[in-house]
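I opened the notebook for this protein today and went through the fold piece by piece. These are my entries, in the order I looked things up.

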Amino acid sequence: MRIEALRRRGWGVTWCLLACCLAAPLAADEYLSGIEWKKPPVVTPGEQGGAPSDAVVLFDGSDLSAWENADNWKIVDGVMVSGRGDARTRQAFGDCQLHIEWSAPTPATGSGQGRGNSGIFLMNTYEIQVLDSFDNPTYFDGQAGAIYKQTPPQVNATRPPGEWNVYDIIWTAPRFHEDGSLKSPAYITALHNGVVILNHFELLGDTPFNRPPRYQAHADRLPIRLQDHGNPMRFRNIWVRELRAAQGQQARPPYLRNNQGQETPIE
Ligand code: MG
């Protein structure tokens, strides 16, 4: 009779819920993937956009030794200034994280594509636009942060000419089958002055001015190229990290482990 009374008042349900809630954390088994991961390497971060300990430094203000075809480029007050001809890295890169800072000439002269134009060609082929896009209209898929002729940036985060703009780029190289056909496209994520402008954008191919984009098979690693578009652009603090996925192997099938250490395979 008393139980009936409790049930009528809803106490039975409340008690069951309380008991389940209390018991659940104690009884929960731990899920284990069965993968033996290798210890992630320790990397010391750089300060204020500086190069982390595992980065390849491409320019730190001292010399242009990491670059070729840069005879007409010069260093002025610790800053790399573009000259005639595109400069490209001596080292080749595939998947990478690239940090680069750039500044457009001041006072600003010219307009549209003629004002503070350069470009960063990942793998010597795929251009993310560098342009003085501060109060300087041009076609949207050609403004700063655009993948040239493929997509505008999500937003325009360009600082005024003379100030420093920062690109942080995460690049996934395209892959090709042995017969030269595309296996997987290139992807780019980019931040401009800390603002996301490209979020895992899938590239349609290369980025020429005069025809649609297309993929042509190329090496796994290629140089990074900085464009000379006739404007004296300034660059500083350029570094790149090769990206490698975490390492591990499936040592056993996934399983659950309870707090007594008993293991149960996951079907
Ligand atoms: Mg350009």
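**Entry 1: strand 7 and its sheet.** I started with strand 7, residues 87-89, which pairs with strand 16 in the antiparallel sense over two bridges. Ala 87 stands opposite Leu 226 of strand 16. I am working from a predicted model here, not an experimental one. Next I asked myself: in which order do the strands of this open sheet run? I read off 4-7-16-9-10, five strands with antiparallel pairing. Strand 4 (67-68) and strand 10 stand at the edges with a single partner strand each, so one side of each has no neighbour in the sheet. A reminder to myself: strands of a sheet pair through backbone hydrogen bonds, either parallel or antiparallel.

**Entry 2: Asp 228.** I moved on to the loop between strand 16 (225-226) and strand 17, where Asp 228 lies. Buried or exposed, I wondered about Asp 228? I counted 21 other C-beta atoms within 10 Å, and the cut-off for buried is 20 or more, so Asp 228 is buried. Which residues does Asp 228 touch, leaving aside those up to four places away in sequence? I noted Ser 82, Gly 83, Arg 84, Gly 85 and Asp 86. For Asp 86 I also checked the backbone: its C-alpha atom and that of Asp 228 are separated by 5.0 Å, although the two residues are 142 apart along the chain.

**Entry 3: strand 8.** Then I looked at strand 8, residues 96-103. Six of its eight residues are buried, so the rest of the structure largely encloses this strand. I found strand 11 (residues 165-172) paired with strand 8 over seven bridges, in the antiparallel sense. In that pairing, Trp 102 has Asn 165 of strand 11 as its bridge partner. Strand 17 (residues 234-242) also pairs with strand 8 in the antiparallel sense, over seven bridges. There I picked out Cys 96, whose bridge partner in strand 17 is Glu 242.

**Entry 4: the nonpolar core.** Which residues touch the most other members of the largest nonpolar core? I got Ile 120, Ile 188 and Phe 235, out of 44 residues in that core. I listed the elements that give two or more residues to this core; among them are strand 3 (56-59), strand 8, strand 9 (118-122), strand 14 (187-192) and strand 17. I followed up on Ile 120, again leaving aside residues up to four places away in sequence: it touches Ile 100, Glu 127, Ile 128, Val 130, Ile 224 and Leu 226. Leu 226 is the residue I had already met opposite Ala 87.

**Entry 5: a hairpin.** I checked strand 14 and strand 15 next, which pair in the antiparallel sense over five bridges. Leu 191 has Val 196 in strand 15 as its bridge partner. The two strands, 14 and 15, form a hairpin with two residues between them, and in the turn I noted a positive phi of about 55° for Asn 193.

**Entry 6: the three-stranded sheet.** I found an open sheet of three strands in the order 1-19-20, with antiparallel pairing. Its edge strands are strand 1 (30-32) and strand 20 (263-265), each pairing on one side only. From one strand to the next, the twist averages 30°. Strand 19 (residues 255-257) and strand 20 pair over three bridges in the antiparallel sense, and Tyr 255 stands opposite Pro 265.

**Entry 7: backbone oddities.** I kept in mind that most residues other than glycine have a negative phi, and that most peptide bonds are trans. Where did I find a cis peptide bond? One joins Thr 106 and Pro 107, with omega about 0°, and Pro 107 is in the loop between strand 8 and strand 9. Lys 149 has a positive phi, near 70°, and sits in the loop between strand 10 and strand 11. With 19 other C-beta atoms within 10 Å, Lys 149 is partly exposed. Asn 237 has a positive phi as well, near 45°, but its place is in strand 17. I noted 23 C-beta neighbours inside 10 Å for Asn 237, so it counts as buried.

**Entry 8: totals.** To finish, I noted two helices and 20 strands for the protein. Buried residues make up 28% of its 267 residues.

Technical notes
Residues are numbered from 1 along each chain as its sequence is written. This is a predicted model: local features need pLDDT of at least 70, side-chain atom pairs count only at pLDDT 80 or more; totals for chains, interfaces and linings use all residues. A residue is buried if 20 or more other C-beta atoms lie within 10 Å of its own, exposed if 12 or fewer, and partly exposed in between; C-beta atoms are placed from the backbone. Helices (H or I, at least four residues) and strands (E, at least two) are DSSP runs, numbered from the N terminus. Two strands pair if DSSP finds at least two bridges between them. Two residues are in contact if their C-beta atoms, placed from the backbone, lie within 7 Å. A nonpolar core is a set of buried Ala, Val, Leu, Ile, Met, Phe, Trp, Tyr and Cys residues joined through C-beta atoms within 7 Å. Axes are lines fitted to C-alpha atoms, for helices over the stretch in contact, and angles run from 0 to 180 degrees between N-to-C directions.
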